[in-house]
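Here is a short briefing on one protein chain. Take a look at the sequence and the model first.

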Amino acid sequence: MAAQKKLLSPLTILMLVIVIGAIATWLIPAGKYDTLAYADNKSFLYKGAAGETVLPFTQHTIDSLGILIPLERFSSGSIRKPVSVPGTYKKMPSQKQGIIAIFKGPVKGIYDSIDIIFFVILIGAFIQIINESGAMIRGLAVLSYKMKGRESWLIIILTFLFSFGGSSYGMAEEALAFFPVLIPIFIAAGYDLILPVAVIFAGTQLGTLSSFTNPFSTIIASNAAGINWTEGLTERIIMFVITTAISIWYFVRYANKVKKDPTASFVYKTGGEITKPAIPTTVKPAPLETRDKLTLIIFAATFLGMIAGVVFFDWWLLEMSTLFFASSILAAIVLRLPESVFIKQFIEGAQGILPVALIIGVARGVTVMLNEGQISDSIIFYAAQLVSTMPPALFIVLLLCMYMVFTLFISSSSGMAVLTMPIMGSLALLVNVPGREIVNAYLFGMGIMGFMTPTGLILPSLALANVSLKAWWRFIYPLLIMLFIVCAICLVVGIYIK
């Protein structure tokens, strides 16, 4: 096969996006909405061009500002970030970002995302200790032998579970921990490296698209739009079923094609190598020893504990990082590793995952660039002006497209919600569109573009699986077209259902 020209590395792509963001600050007028933030049970903090003002913590204050959020949403902690005040957009002095700002951007992004970076580094260290024990290879050999002939069910079950995790509680960054686990399984099954990215990353991204109870997107966005988050719940559950089913069909179809003919792999077609299984599936492996079983129990319990902690105990990155650190030490004790060997393996694991961690941090630098250039609010303002006089059906489809564009610049679902929902929620009243469909357009737009935006988790995911962005694009774009059509039809139908 002739060698094909490779795309730029993820870090280089992100630096180019940061440069584009800096150029945008020279082309787009700077501007900002006033914001309202919860201070305490007695006051709001109103921040505008004239400075900060303390306002009474009453429903009258909210109503007078045209914000459609009940007072209790602030006091309960559902709305934690400052929300944009409709009708308050003002042009600001230009904050053009120059060469120095471009170099500062990725560094500030790493500073801002250090908690995620440290979490990923500890995952790498933990996986290295487990892998060096050999227990993972022996365990995968047993699993692969037992799954012989039924590998498609791995794709079906795991895609559903990751999608459900994204839809129910917002599973995202924590899914990165599953790549070292599932990549050998899929390779042993005769698939290529795109499949684990599809199942893990695309699975959670499908959950973002159809979030029915995700507190980081659906609930925050609904509250910011002034509606109950249960409005549109049935529609989102239906979309969860439809989009997950379509995606599973697409993944299984591709997997079977690659298994039958490895040269059909997009990894191979874009200049990659055919990855051969390192684990035989035709020879019955030896039974696992007690130490192997204990090591694998620690491994499984760590991931199950992480999920349980997030779902039931409000864990986040500090608690999850602590769990992986403690599990690394426990695994070393069970494996009876000398202190010097444990430290060596721990550091090697951290070093191995460092490129992925840097990608996460540099991606945050894009948002830093736009915020410091004060053009994030300007993009929202001009977009809202564009669609404000359109018929409802055209309005909602264009809003879907706009949220796809917004996601290129703002990858945080909660940040997007508090920035745009108060504006779009009030706009929906003018064009006679139900508030639930505004929330759905936000979810669908972020969900679709999240499969590709370099400021999200796609580049770290591809780096973990050693898959090029070119191979991923060739694989995913037909699915994205199908998902866009389904989402657009759902939104148009939804605006006529009262």
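Is F57 buried or exposed, going by its relative accessibility? F57 has a relative accessibility of 13%, so it counts as buried; the cut-off for buried is under 20%. The model is a predicted one. The points below cover confidence, aromatic contacts, the sheet and one helix.

**Confidence**
- The average pLDDT of the chain is 84. A score of at least 70 is reached by 92% of the residues.
- Helix α21, residues 469-495, has the highest mean pLDDT among the elements of the chain, at 94.
- Helix α6, residues 135-146, has the lowest, at 71.

**Aromatic pair F44 and F57**
- The structure contains 30 aromatic pairs.
- In one of them, the ring centres of F44 and F57 are 4.9 Å apart. Their planes meet at 50 degrees, so this pair is tilted; edge-to-face would need over 60 degrees.
- F44 belongs to strand β3, residues 43-48. F57 sits in the loop between β4 (51-56) and α2 (59-64).
- The two residues are 13 apart along the chain, and their pair links distant parts of it.
- F44 has 0% relative accessibility, so it is buried. F57, at 13%, is buried as well.

**Aromatic pair F325 and F346**
- F325 and F346 make an edge-to-face pair. The centres are 6.2 Å apart, with 80 degrees between the planes.
- F325 is in helix α14 (residues 317-334) and F346 is in helix α15 (residues 339-372). The pair therefore ties together parts 21 residues apart in sequence.
- F325 has a relative accessibility of 40%, so it counts as partly exposed.
- F346 is buried, because its relative accessible area is 17%, and buried means under 20%.

**Aromatic cluster and a charge over a ring**
- One aromatic cluster is formed by F201, W249, Y250, F251, Y254, F266, F451, W472 and F475.
- Elsewhere, K96 places its charged end over the ring of W26. The distance to the ring centre is 5.6 Å.

**The sheet**
- An open sheet is built from 4 strands, ordered β4-β3-β2-β5. The pairing is antiparallel.
- β4 and β5 (83-84) are the edge strands, and each pairs on one side only.
- Strand β2, residues 35-40, runs antiparallel to β5 and is joined to it by 2 bridges.
- β2 also pairs with β3, in the antiparallel sense, over 5 bridges. A hairpin of 2 residues connects β2 to β3.
- T35 has a bridge partner in β5, namely S84. T35 also stands opposite K47 in β3.

**Helix α5**
- How far apart are the end C-alpha atoms of helix α5? They are 29 Å apart.
- Helix α5 covers residues 114-133, which is 20 residues. At 1.5 Å a residue the expected span is 28 Å, so the two values agree.
- Of the 20 residues of α5, 14 are buried, so the rest of the structure largely encloses this helix.
- G134 comes just after α5 and takes a positive phi of about 85 degrees.

Key:
Residues are numbered from 1 along each chain as its sequence is written. This is a predicted model: local features need pLDDT of at least 70, side-chain atom pairs count only at pLDDT 80 or more; totals for chains, interfaces and linings use all residues. Side-chain values use heavy atoms; hydrogens and water are left out. The expected span of a helix is 1.5 Å times one less than its number of residues. Buried means under 20% relative accessible area, exposed over 50%, partly exposed in between (1.4 Å probe, protein chains only). pLDDT is the predictor's confidence in each residue, from 0 to 100. Rings of Phe, Tyr and Trp (its six-membered ring) pair if their centres lie within 6.5 Å; planes under 30 degrees apart count as stacked, over 60 as edge-to-face and the rest as tilted. A charge sits over a ring if NZ of Lys or CZ of Arg is within 6 Å of the ring centre and within 35 degrees of the ring normal. Two strands pair if DSSP finds at least two bridges between them.
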